[in-house]
Amino acid sequence: MKKEFVVIGLGRFGGSIVKELIEQGVDVMAIDIESERVDEFAPIATQAVVADTTDEAVLKSLGIRNFEHVIVAIGDNIQSSILTTLMLKELGVKKITVKAQNDYHEKVLLKIGADQVVHPERDMGIRIANNILSNNVLDYLELSDEHSIMELIVNSKLAGNSIIDLDIRAKYGINIVAIKRGSNIIVSPQADEKLQMNDIMIIIGADVDINRFEKKVFN
């Protein structure tokens, strides 16, 4: 069965979601209160609609409850974001993901029933900061407030050692989930796998443990 999504708010964030979902081959209804934005996405989206999503009657007329996932990507209007989320929840939408402007906004969204809250600007800032601060960090992804995935380049301290020699899990509480070696990716590497210079380790763990490991190995 083909997945169907709704994206409300067609700014930079919402627009990029619409484009990516369409490229992935799913049906997307794109909604915005501004007709210019809707016109921009009309040739791309499965359906593009000018609508005020804080109006329950409008949402009902669009059959919004029949979609399995609604992404609320409304930009600067926090009130509209909250009211839209509340309406979607009351209509029984299965999954609601909402873009938050700040921590207070997130708290309100979670209290009224948002299933997932994202902070694209904050999260991108964290990723960029991590990349700037360490030449060894290639990428960073926050999984929760306390856990992350990070890509690290193997240096001379690590190269030549096997995973069991380093004993990273016991010493630091983090796991090596994969190793990128050139064009190859070793998923769930064996304990006797030896790291090579310039391998890329993909590690997962608590932020405090990752930071402790990074300081020990790369400073």
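Let me begin with one pair: the side chains of K180 and E151 meet in a salt bridge, 2.8 Å from N to O. A salt bridge here is a side-chain nitrogen of Lys or Arg within 4 Å of a carboxyl oxygen of Asp or Glu. The pair links distant parts of the chain, with K180 in strand β9 (residues 175-181) and E151 in strand β8 (residues 147-153), 29 residues apart.

Before I go on, a word on the source. This is a predicted model, where local features need pLDDT of at least 70 and side-chain atom pairs count only at pLDDT 80 or more, while totals for chains, interfaces and linings use all residues. Residues are numbered from 1 along each chain as its sequence is written, and side-chain values use heavy atoms, with hydrogens and water left out.

Back to the pair. Are its two residues buried or exposed, or something in between? K180 counts as partly exposed because its relative accessibility is 25%, and E151 counts as buried because its value is 15%. The cut-offs are these: buried means under 20% relative accessible area, exposed means over 50%, and partly exposed is in between, using a 1.4 Å probe and protein chains only.

Why can such pairs form? Side chains of opposite charge can pair when their charged atoms come close.

How many salt bridges does a search of the whole structure find? The search finds six. Another of them joins E193 and R181, whose closest N and O atoms are 3.0 Å apart. E193 lies in the loop between β10 (184-187) and β11 (200-206) and R181 in strand β9, so this pair ties together parts that are 12 residues apart in sequence. R181 counts as buried, at 19% relative accessibility. Salt bridges that share partners join R181, E193 and D199 into one network.

A third example is E56 with K60, where the closest N and O atoms are 3.9 Å apart. These two are four residues apart in helix α3 (residues 56-61), and therefore about one helical turn separates them. E56 is partly exposed, at 31% relative accessibility.

Now the chain as a whole. The protein chain has nine helices and 11 strands. Helices (H or I, at least four residues) and strands (E, at least two) are DSSP runs, numbered from the N terminus. Of the 219 residues of the protein chain, 43% count as buried. Contact means heavy atoms within 4.5 Å. Among the contacts in the protein chain with a separation of 6 or more, 51% are between residues 24 or more positions apart.

Next, a pair of helices. Two packed helices are described by the angle between their axes and the distance between the axes. Helix α4 (residues 78-91) and helix α5 (residues 103-111) pack at an angle of about 15 degrees, and their axes are 10 Å apart. That makes α4 roughly parallel to α5. Axes are lines fitted to C-alpha atoms, for helices over the stretch in contact, and angles run from 0 to 180 degrees between N-to-C directions. Angles under 35 degrees count as roughly parallel, over 145 as roughly antiparallel, 65 to 115 as roughly perpendicular and the rest as oblique.

Which residues meet there? From α4 we have I78, S81, I82 and T85, and from α5 H105, V108 and L109. The residues of this contact divide into four nonpolar, three polar and no charged. Ala, Val, Leu, Ile, Met, Phe, Trp, Tyr, Cys and Pro count as nonpolar, Asp, Glu, Lys and Arg as charged, and the others, Gly among them, as polar.

Now two single residues to set side by side. I31 sits in strand β2 (residues 27-32) and is buried, with a relative accessible area of 0%. Leaving aside neighbours within four places in sequence, I31 is in contact with residues including V6, I8, L10, V49, L62 and I64. R169 is in helix α8 and is exposed, with a relative accessible area of 62%. With the same neighbours left aside, R169 is in contact with I174 and N175.

Last, the backbone. Most residues other than glycine have a negative phi, and most peptide bonds are trans. D167 is not a glycine, yet has a positive phi of about 50 degrees. D167 lies in the loop between α7 (163-166) and α8 (168-172) and is partly exposed, at 36%. S188, also not a glycine, has a positive phi of about 45 degrees. S188 is in the loop between β10 and β11 and is exposed, at 52%.
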